[in-house]
Amino acid sequence: MMSRSIREVLDHKDLLYILAWREIKVKYKQSVMGVLWAVLMPLVIVSAGLIVRTAFARLSGTPVSLSDVTSVAVKSVPWAFFVAALRFGTNSLVTNSGLVTKIYLPRLVFPLAAVFSQLFDFAVATVVVAILLVIAQVGVSVQLLWLPLLLVSLIALAIALAIALSAASLFLRDVKYIVDVLLTFAIFFTPVFYESSLFGQWAPALLLNPVSPLLESISATIIHHQGPALPWLAYSVVFTGLFLTAAIAVFGKLEPYFAESV
């Protein structure tokens, strides 16, 4: 089932590109700020994170360091991508209901296009953060070789959740509202503003969120020039692989019923 679904998507890769590009154009059409919107959300998250870090610093009696600022910045960009990918991915089948019901094509392309379209914003915001890191003289190390694996894992996790949530949203329209609420508060239970080590013995509970090890690994490799915590990274990668496999399989079984559920 999974191999057939992937094969169908590859056969329609041109359509996937067209849909993703359409999502990007629709997002920025008649937008006054243009691509600056791609930077706005990470900047808002970074600003909020600095406020939180300052509050933590005052409570602990330690100053906010430059590494704290850069750490929040490098985690805010992938987190903003992840949140946007889930929001757009959840609604992807519903917003394309006309195509879902009238044209035969692998419906898997819709959540995939929704996630891939967010990579444009991710790339723009990444350039801005890279400039910040150069100004802050963070430097580079061999640990940056971990980044491709970390980013691919994050994108794969976003795809897996987008696939599952898009199908669920088609049958239960309340799903998109639940997702919005959960994503609003999820940042407080994900180490974006802070490191999980801050919570001592409760740190493993935060790291059970499969996004958490990826974000902490991104910060460790870029800011601290350290390798990721391999056990937690392995947990996140394995979880992502299994969940992606299950999401595609369930999506394929539910696909024949999509048209009558729109």
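# A tour of the predicted model

Select Q137, which is exposed, since its relative accessible area is 70%, above the 50% over which a residue is called exposed. What you have open is a predicted model, and every stop below should be read with that in mind. Keeping Q137 selected, follow the backbone to either side, and you will find that Q137 sits in the loop between α7 (109-135) and α8 (147-171). What is the phi of Q137? It is near 55 degrees, a positive value in a residue other than glycine.

**A second positive phi**

Next, select H225, which lies in the loop between α11 (211-222) and α12 (230-254). The phi of H225 is near 55 degrees, and here too the value is positive in a residue that is not glycine. Is H225 buried, partly exposed or exposed? With a relative accessible area of 30%, H225 is partly exposed.

From this loop, move on into helix α12 and select W232, a residue that counts as partly exposed at 24% relative accessibility. If you add E216 to the selection and display the distance between the two C-alpha atoms, the viewer should give 9.9 Å for this pair, whose members are 16 residues apart in sequence.

**The largest pocket**

Now turn to the largest pocket, which holds about 490 Å³ of space. Which residues should be selected to find its centre? Of the 25 residues in the lining, those closest to the centre are M41, I45, A80, V83 and R87. To see the walls, colour α3 (37-60), α4 (66-90), α7 and α9 (175-186), the elements that each give two or more residues to the lining. Colouring the lining by residue class brings out its composition, which is 20 nonpolar, two polar and three charged residues.

**Three salt bridges**

R87, one of the residues closest to the centre of the largest pocket, also leads to the next stop. How many salt bridges does a search of the whole structure find? There are three.

Begin with the one between D180 and R87, in which the closest N and O atoms are 3.1 Å apart. Because D180 belongs to helix α9 and R87 to helix α4, this pair ties together parts that are 93 residues apart in sequence. Both partners are partly exposed, D180 with a relative accessible area of 33% and R87 with one of 30%.

Then select K75 and E195, which form another salt bridge, with 3.2 Å between the closest N and O atoms. This pair, too, links distant parts of the chain, as E195 is in the loop between α9 and α10 and K75 is in helix α4, 120 residues apart. Are the two partners buried or partly exposed? E195 counts as partly exposed at 23% relative accessibility, whereas K75, at 1%, counts as buried, being under the 20% cut-off.

For the remaining bridge, select R22 and E23, whose side chains meet with an N to O distance of 3.7 Å. R22 counts as partly exposed, at 32% relative accessibility.

**A nonpolar patch on the surface**

Return to the loop between α9 and α10 (203-207), and select F199 there. F199 counts as partly exposed, with a relative accessibility of 36%. Which residues share a surface patch with F199? Add F56, L59, L198 and W202, which together with F199 make a nonpolar surface patch of about 580 Å².

**Two distances to finish**

Select V124 in helix α7, a partly exposed residue with a relative accessible area of 21%. Although V124 and W37 are 87 residues apart along the chain, their C-alpha atoms are separated by 9.6 Å.

For the last stop, select L154 in helix α8, where a relative accessibility of 1% means that this residue counts as buried. How far apart are the C-alpha atoms of L154 and S97? They are separated by 27 Å, in a pair that is 57 residues apart along the chain.

Note on methods:
Residues are numbered from 1 along each chain as its sequence is written. This is a predicted model: local features need pLDDT of at least 70, side-chain atom pairs count only at pLDDT 80 or more; totals for chains, interfaces and linings use all residues. Side-chain values use heavy atoms; hydrogens and water are left out. Helices (H or I, at least four residues) and strands (E, at least two) are DSSP runs, numbered from the N terminus. Buried means under 20% relative accessible area, exposed over 50%, partly exposed in between (1.4 Å probe, protein chains only). On a 1 Å grid over the protein atoms alone, a cavity is a set of points where a 1.4 Å probe fits but cannot get out, and a pocket is an open set with protein on both sides within 12 Å along at least five of seven lines; lining residues have an atom within 4 Å of a point. Grid points are joined across faces, edges and corners, and a volume is the space filled by probe spheres set on the points. Ala, Val, Leu, Ile, Met, Phe, Trp, Tyr, Cys and Pro count as nonpolar, Asp, Glu, Lys and Arg as charged, and the others, Gly among them, as polar. Patches are made of residues with over 30% relative accessible area and no salt bridge: like charges are joined within 9 Å, nonpolar side chains (Val, Leu, Ile, Met, Phe, Trp, Tyr) within 5 Å. Accessible areas come from the Shrake-Rupley method with a 1.4 Å probe; for residues, only the protein chains shown count as cover. A salt bridge is a side-chain nitrogen of Lys or Arg within 4 Å of a carboxyl oxygen of Asp or Glu.
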